[in-house]
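The following exercises concern the architecture of a two-chain model. Each task is followed by a solution worked in steps.

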Amino acid sequence: MTTLWPIALITFKEGIRNRAVYGITLVALLLFGATALVATMVPREVGKVAVDMALSTISFAGLLVVLFVGINLMAKDLDKRTIYTVLSRPISRSQYIVGKFLGMIMLITVTMGILSFLAISAIVMLKTIHGGFFTRFSWQAIILADCLTVLMLIVLSAVSFLFASFTSSSFITLILTIITYIIGQSLSGVKALLETPSHELGFTVSPVTMNMVKASYYLFPNLSLFDIKLQAAHDLPISSSFVIWTVVYGLVYIAISITLAALIFRKKEFP
Amino acid sequence: MITINGISKEFKEGITGKCVKALEGLDLEIKQGEVFGFLGPNGAGKSTTIKILMNLIFPNTGEAKIGGKDVRDPEARRIVGYLPESPYFYDYLTAEELLWFGGKTAGMDANNIRERSDMLIDKVDLQNARKRPLRTYSKGMVQRAGLAMALIHDPDVIILDEPMSGLDPIGRKMVGDLMVELKGQGKTVFFSSHILNDIERFSDRAGIIIGGRLKRVDTLQNLLSGGKDLEDVFMGEVALAQGGTAA
């Protein structure tokens, strides 16, 4: 830990001071303002719309932090050769990866904490004004949805570390991470659709397509699992076993991604 | 203190994966307290050798040790301070934070880091910029901050890759004085340069590398015997390597 902490701390400081973080926070602030405006246009649904929009804004802004700040934290070390100085210290490459990732977790947690505070403030403000329309509403569900969004962003960040360990540029890492996000968000829906009986579907799915979708389903992270915004907005029941298994799934995916990244990184050369 | 035994390194280039030899059978030993200048033209293999010593790249054959430890062991770097060529650090960190990072990763305590940081920041003349983000630094200032970071843990072995590059005359004098001081402290210094004057001024011993092969290693006294200057010796070795005759 004595070796990981300095790496984590400088990674966090480098990330949190990045001007892009201020820009993303400002965009989120504007979107929270828009939430207040849009929600009041549908008075009877103001509670649901406010919660849904606030959580979507947090998720969107967090995604921007991972894609445009987080990826650079790792990839810039490689692009700009900062890694020469870091690896010249008595630290192993695995420690570098884990330390860097811990710094990334700190960055995601702190920025998401700030964004969540802004989101909760917007919801509290609307609830104070339109209290009568917040009938099906639960802070517990909102906070749970927020925490799962943080975990989803950490999973995505772990995958970006894996990509950065074998790609040669930050741009390729960014593209691969965006592709993973899109696939991860839509794959379970596609799989469910293709598993529908063909007489209901209206067409037959070839076994090759089905196998490819199944392989992708197990290979890519199922990010839609972490998305319970809808349940939070409508205060629908969320089982504790679902939450526990989702958290376990996320942690296992993170552990596998970071272990693989560290193994690949051990063999990587920096000419 | 530094031992290099039979190191060869090939790089694959382009789409065809054509192999290019960067180092061929390099043997070198640098003793404790010695200042060793590594001289060679661009692309001769100086930086490749240093990157192998820092475990940034891996040799195809041979082995390298620092302080008796294989360079693949991170512990070998505990006694090493390294300044890469044209270093680049974190944009939003300050020089103080950079030195804190260097000290912490080397296992130093907070008081020791503070004392050494103050002393080194004074020495490399960054007092007025110590709390400024590194992205506001000039190239020379970044180089000096990198030098301070390399020395923060008072290493026994200092490896400098083109330490004078990008420095103005004042910066060059500062680095030169620092190298003389390190020599006085009995540190082992291994530095690469293609500036003959720097090798001549600071080295006890020098090695001339051309095309990945170590052509000559000797004390400065022996290299410059017979009234030759280092330029004559170097150009003679280049001519020999190109199939001509020494001057």
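**Exercise 1.** In what order do the strands of the open four-stranded sheet of chain B lie, and is the pairing parallel or antiparallel?

*Solution.* The model is a predicted one.

Step 1. The strand order in this open sheet of chain B is S2-S1-S4-S5, and the pairing is antiparallel.

Step 2. The edges are formed by S2 and strand S5 (69-70) of chain B, each of which pairs on one side only.

Step 3. At one end of the order, strand S1 (residues 2-13) and strand S2 (residues 18-30) of chain B are antiparallel partners linked by nine bridges. Within this pair, Glu13(B) lies opposite Lys18(B) of S2(B).

Step 4. S1(B) and S2(B) constitute a hairpin, with four residues between the two strands. Gly14(B), located in the turn, has a positive phi of about 65°.

Step 5. At the other end, strand S4 (residues 61-66) of chain B runs antiparallel to S5(B), and two bridges connect them. Here Ile66(B) is placed opposite Lys69(B) of S5(B).

**Exercise 2.** Describe the open six-stranded sheet of chain B and identify the helices that lie against its strands.

*Solution.*

Step 1. The order of the six strands is S6-S7-S8-S3-S9-S10 (chain B), with mixed pairing.

Step 2. Strand S6 (80-83) and strand S10 (213-219) of chain B each have a single partner strand, so one side of each has no neighbour in the sheet.

Step 3. From one strand to the next, the twist averages 15°.

Step 4. A parallel pair is found between strand S3 (residues 35-39) and strand S8 (residues 188-193) of chain B, joined by five bridges. Phe36(B) faces Phe190(B) of S8(B) across this pair.

Step 5. Helix H5 (residues 169-184) of chain B packs on the sheet and touches S3, strand S7 (157-161) and S8 of chain B. The direction of H5(B) makes about 150° with that of S8(B).

Step 6. Helix H8 (residues 230-241) of chain B lies across S3, strand S9 (205-210) and S10 of chain B. The angle between H8(B) and S9(B) is about 30°.

**Exercise 3.** How many helices and strands does chain A contain, and how does its radius of gyration relate to the globule rule?

*Solution.*

Step 1. Chain A has eleven helices and zero strands, giving the sequential pattern α-α-α-α-α-α-α-α-α-α-α.

Step 2. For 271 residues the globule rule gives 18 Å, and the radius of gyration of chain A, 21 Å, is close to that; chain A is therefore as compact as a globular protein of that length.

Step 3. The C-alpha trace of chain A extends about 60 × 50 × 30 Å along its principal axes.

Step 4. Of the 271 residues in chain A, 42% are buried. Among contacts in chain A with a separation of 6 or more, 85% link residues 24 or more positions apart.

**Exercise 4.** How many residues does each chain bring to the contact, and which element gives the largest share of the side of chain A that touches chain B?

*Solution.*

Step 1. The contact involves 21 residues from chain A and 27 residues from chain B.

Step 2. On the side of chain A, the elements giving two or more residues are helix H1 (4-16) and helix H4 (83-87) of chain A.

Step 3. H1(A) provides the largest share, four residues.

Step 4. Sorted by class, the side of chain A that touches chain B comprises eight nonpolar, six polar and seven charged residues.

Conventions
Residues are numbered from 1 along each chain as its sequence is written. Chains are lettered from A and ligands numbered from 1 in the order in which they are written. This is a predicted model: local features need pLDDT of at least 70, side-chain atom pairs count only at pLDDT 80 or more; totals for chains, interfaces and linings use all residues. Two strands pair if DSSP finds at least two bridges between them. The radius of gyration is taken over C-alpha atoms; the globule rule is 2.2 Å times the number of residues to the power 0.38. A residue is buried if 20 or more other C-beta atoms lie within 10 Å of its own, exposed if 12 or fewer, and partly exposed in between; C-beta atoms are placed from the backbone. Two residues are in contact if their C-beta atoms, placed from the backbone, lie within 7 Å. Ala, Val, Leu, Ile, Met, Phe, Trp, Tyr, Cys and Pro count as nonpolar, Asp, Glu, Lys and Arg as charged, and the others, Gly among them, as polar. Axes are lines fitted to C-alpha atoms, for helices over the stretch in contact, and angles run from 0 to 180 degrees between N-to-C directions.
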